[in-house]
Amino acid sequence: MSAPARTAPPALALVDVSKSFGAVRALQGVTIELHAGEVHALAGENGAGKSTVVKTFAGVHRPDSGEVRVDGRPVTFHGPADAQAAGVAVIYQEPTLFPDLSVAENIFMGRQPRTRFGRIDRRAMHAEAARLFERLGVALDPQQPARGLSIADQQVVEIAKAISREARVLIMDEPTAALTGQEVARLFAVTRTLRDQGCAVLFISHRLEEIFAICQRVTTLRDGTYVGTEDVADLTPDDLVQRMVGREVAALYPKQHVEPGEVALKVSRLTREGVFTDVSFEVRRGEIVALAGLVGAGRSEVARAIFGVDRWDAGSVEVNGRRLPPASPTAAMAAGLALVPEDRRQQGLVMDMSIERNMGLTQLRRLRRLTGRGPLISRRVERDRAADWALRLQLKYARLSDAVGVLSGGNQQKVVLAKWLATEPSVLIVDEPTRGIDVGTKAEVHRLLSELAAEDLAILMISSDLPEVLGMADRVLVMHEGRLTAEIPRAEATEETVMAAATGRDGTVGEAA
Amino acid sequence: MADRATGNRGDRGAGRFEIGRLVRWDVVVAALLIVVFFGGAGLSSDFGNADNISFALGDLSEIALIALPMTLLVVCGQVDLSVASVLGLSSALVGRLWDAGMAIETIIPLVLAVGLVCGLVNGLLVTRLGLPSLAVTIGTMTLYRGLAYVVLGTEAVSRFPQQYADLTVTNVPGTPIPYPMALFAVLALATAVVLHATGVGRALFAIGAQEEAAYFAGIRVKRLKLILFALSGLVAAFAGVVYTLRYGSARADNGLGLELTVIAAVLLGGVDFDGGRGTLGGVLAGVLLIGVMRNLLMLNDVANEIQSIVTGLLLVVSVLTPRVIAVVREARARGAAGRAAAKAAT
């Protein structure tokens with residue numbers, strides 16, 4: 001802990017804090033000190049206790065033992081209002097603004113400047129908002145309604161709100177999860193500005209490269225216990241992963257080379273008006289082909305059309321030489337296609353349904369055929385199959401009859417994978433397969449994809465995670481504004497070549513970092 | 001609503017005793033039914049005799065029959081408010097065609113076909129245009145009732161031969177169960193099997209709980225919905241025939257407001273109005289409970305208005321109680337959820 005000599009006490013700190021919920025120890029002896037003028041990372045896998053730390057800082061939880069300190073003095077937050085009064089502000093992954101109010105009204109909600117006659121002084125409010133944006137170095141119109149703002153802009157509004165309340169500590173809980181590379185770059189610029197103006201920032205992200213890009217120190221948690229606080233400069237990404245996981249993680253991207261077989265998926269001149277145009281490519285058995293590009297480039301939309309969730313207007317899709325009818329997921333499945341969708345909670349799983357029933361949902365006919373009991377489903381067969389898949393994917397669960405909603409993000413993703421692999425597809429499309437899941441599970445998913453390719457599956461992987469794309473893909477297809485702009489073989493794929501194609505520029509862009 | 005009816009969760013892990021899991025809403029309703037039934041038998045000597053039971057059951061025929069497709073619809077997140085109007089339209093058609101001298105053997109298939117078309121129209125409006133079923137069927141409820149008046153006006157046709165009326169009130173030999181309710185029993189069993197033991201049933205629960213995820217899993221969401229609405233129309237038309245013959249009177253305003261009693265029975269049985277949860281056993285108990293209450297109130301000469309107040313209260317309580325239980329349980333279970341999360345993370 002070679003922190004530079006600091007004279008002032010930390011602006012906000014937890015000292016030896018423990019917190020239990022019922023019999024679960026969420027935090028055990030955790031100490032974390034946020035100093036003015038630093039960006040401090042909080043690292044840990046899902047379930048390590050990061051959210052509990054955030055909620056303790058935010059005044060939602062009170063520690064069972066240990067102290068919360070503001071400027072070195074012990075305090076008790078009786079609720080979020082107390083934390084706010086002490087200058088703590090939390091920026092969430094998806095801000096909640098009032099969509100019908102203007103940006104400025106959102107910032108000053110409940111504290112609007114008044115005229116002499118007690119009416120809201122719009123002019124003063126707009127001017128003040130404009131000054132805040134200037135201070136943050138972003139161009140946003142204070143009079144614009146919040147509806148229609150990108151998530152990135154909404155976060156900036158939240159930050160402006162925090163600053164206007166004189167927040168001295170900013171807690172950013174996975175702010176980058178839904179941002180594009182460019183938006184991340186802007187968020188980082190804003191964060192640096194705040195840091196230089198004397199704010200303390202706590203930064204949480206699953207993307208290690210972001211921690212290395214913006215943070216000075218990092219505190220790591222594992223299973224609710226404190227692992228340590230270190231200077232980021234003294235660590236390598238591998239060190240950090242090891243601290244989070246507590247063991248050496250097998251290489252994150254273990255794609256082995258497989259000799260590609262015959263063409264399994266052939267997409268020809270696929271077009272959906274106004275969404276994507278003239279998209280053609282092939283995926284062979286044994287291959288992992290990545291579809292890269294910025295958010296909004298049309299990648300997920302292509303996947304949805306191929307699988308038949310959306311219509312297409314022109315072009316064709318062939319699976320193993322058979323042409324698919326448009327807009328029929330049922331036909332796509334019958335032809336051997338499987339899609340692990342982007343939005344796990346809405347599209348991938350029925351959150352209230354049990355693990356086993358979610359897994360069975362793609363194979364209702366199969367469960368029927370196996371039983372030999374006419375149209376009836378055998379619960380035993382359903383459970384046995386679910387148990388087999390749970391074992392193969394090392395799913396962590398209490399009971400197969402539990403609702404999938406209680407599982408962690410990574411384990412939910414495993415259920416989605418299981419439900420699709422159980423259909424024995426020949427082409428697997430995975431859309432952001434590791435978004436929002438912890439490092440350990442991420443490595444497992446990568447190993448699984450690699451194994452599947454070795455078993456002759458053709459895999460199309462959509463990912464915004466560049467290291468994942470470069471590590472896993474045999475070929476990288478890049479989309480920009482609805483068109484396929486590049487096809488890059490593994491040997492030539494680098495962050496620069498992919499980003500250049502993704503942004504439609506030739507020069508190199510290193511925005512994400 | 002954490003642990004309201006648990007039909008879509010089925011068999012829980014074996015060997016664990018958790019009091020919360022034993023208290024299922026459908027079981028509560030079934031217990032309530034038994035209490036009210038024996039309470040009623042003690043209260044009124046007329047209640048328990050076979051004639052009254054047969055009458056009470058017969059009086060439930062239409063509600064019970066329509067409740068079956070309604071259960072499937074509500075489980076998959078839909079509702080059909082037009083059923084009572086289809087019943088009325090069917091009744092009016094029976095009267096008009098009988099008046100015109102047509103044989104009842106010809107009338108019935110014709111009327112059923114009309115009911116099927118009514119249901120298909122609902123289904124197509126919901127699936128093709130993507131309109132919410134609540135809005136669609138509020139509209140067609142008025143439309144079909146209007147058509148019923150067009151067919152028969154405000155007159156009543158009541159010259160049906162006794163043998164047809166007998167068919168709807170005669171008991172199955174050796175039981176106090178009238179034929180329509182015997183048919184209901186068979187259909188209820190079939191519906192229960194479909195809902196709880198087949199792929200179609202699984203699909204319906206999935207659609208009700210998370211339609212998009214069901215669609216992404218290759219389930220033919222629109223087709224299933226269309227079939228259910230058609231079925232609902234068909235059964236409502238059949239109920240119209242039963243109603244007409246049972247009362248020996250065909251009128252355009254027959255069954256006015258019946259849809260609310262049906263929905264009350266379904267919700268009372270523990271089916272979640274938001275879809276995705278419910279059991280047919282619960283609905284069965286809900287239907288019978290409503291029948292028993294109605295009969296008891298009638299035997300005790302309670303005014304119609306009071307009967308409707310009691311039904312209404314029962315409904316409000318049935319919707320409220322599980323939520324109150326859920327809130328209490330959630331507060332207690334917060335620790336347990338954390339426990340599960342911690343377990344999953346290790």
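A residue counts as buried here if 20 or more other C-beta atoms lie within 10 Å of its own, with C-beta atoms placed from the backbone. Keep that cut-off at hand for the tour, and remember that you are looking at a predicted model. Its overall scores are ipTM 0.81 and pTM 0.76.

**Stop 1: strand β18 of chain A**

Select residues 458-462 of chain A, which form strand β18. Five of its five residues are buried, so by the cut-off above the strand is mostly covered. Now turn on the side chains. In a regular strand, side chains alternate between the two faces of the sheet. Here A:A458, A:L460 and A:I462 point one way, A:I459 and A:M461 point the other way, and all are buried.

**Stop 2: the neighbours of β18**

Which strands pair with β18(A)? Add residues 288-293 of chain A to your selection: this is strand β13, and it pairs with β18(A) in the parallel sense over four bridges. As a landmark, find A:L291, which stands opposite A:I462. Then add residues 427-431 of chain A, strand β17, which is also parallel to β18(A) and is joined to it by five bridges. Here the landmark is A:V427, facing A:A458. To follow the chain from β17(A) to β18(A), select helix α16 (residues 439-454) of chain A: the path runs through this helix, and the β-α-β crossover is right-handed.

**Stop 3: an open antiparallel sheet**

Stay in chain A and display β12, β11, β14 and β15, which form an open sheet in the order β12-β11-β14-β15 with antiparallel pairing. The edges are β12 (276-284) and β15 (322-323) of chain A, each of which pairs on one side only. Zoom in on β11 (residues 263-272) of chain A, which is linked to β12(A) by six bridges and runs antiparallel to it. One bridge to look for joins A:L270 to A:V279 in β12(A).

Next, select helix α9 (residues 299-307) of chain A, which packs on this sheet and touches β11, β12 and β14 of chain A. The direction of α9(A) makes about 110° with that of β11(A). How many of the nine residues in α9(A) are buried? Eight are, and the helix is mostly covered; among them are A:R299, A:V302, A:R304, A:I306 and A:F307. Just after the helix comes A:G308, with a positive phi near 95°.

**Stop 4: chain B**

Switch to chain B, which has 15 helices and zero strands. Of its 346 residues, 49% are buried. Among its contacts with a separation of 6 or more, 78% are between residues 24 or more positions apart.

Colour chain B by pLDDT: the mean is 87, and 89% of the residues reach 70 or more. The highest confidence is in helix α4 (residues 61-75) of chain B, with a mean of 98, while helix α1 (residues 19-22) of chain B is lowest, with a mean of 48. Take care with residues 1-21 of chain B, where pLDDT is below 50; beyond near neighbours in sequence, this stretch has 44 contacts in the model.

Finally, an unreviewed UniProt entry lists several spans of chain B under "transmembrane region", including 106-126 and 280-297. Select residues 106-126 of chain B: the span is 100% helix, and its end C-alpha atoms lie 31 Å apart. Residues 280-297 of chain B are also 100% helix, with end C-alpha atoms 26 Å apart.

Methods: Residues are numbered from 1 along each chain as its sequence is written. Chains are lettered from A and ligands numbered from 1 in the order in which they are written. This is a predicted model: local features need pLDDT of at least 70, side-chain atom pairs count only at pLDDT 80 or more; totals for chains, interfaces and linings use all residues. pLDDT is the predictor's confidence in each residue, from 0 to 100. Helices (H or I, at least four residues) and strands (E, at least two) are DSSP runs, numbered from the N terminus. Two residues are in contact if their C-beta atoms, placed from the backbone, lie within 7 Å. A residue is buried if 20 or more other C-beta atoms lie within 10 Å of its own, exposed if 12 or fewer, and partly exposed in between; C-beta atoms are placed from the backbone. Two strands pair if DSSP finds at least two bridges between them. A crossover is right-handed if, with the strands pointing away from the viewer, the path from the first strand over the helix to the second runs clockwise. UniProt positions are given in the numbering used here, feature names are shortened, and annotations may be inferred rather than shown by experiment. Axes are lines fitted to C-alpha atoms, for helices over the stretch in contact, and angles run from 0 to 180 degrees between N-to-C directions.
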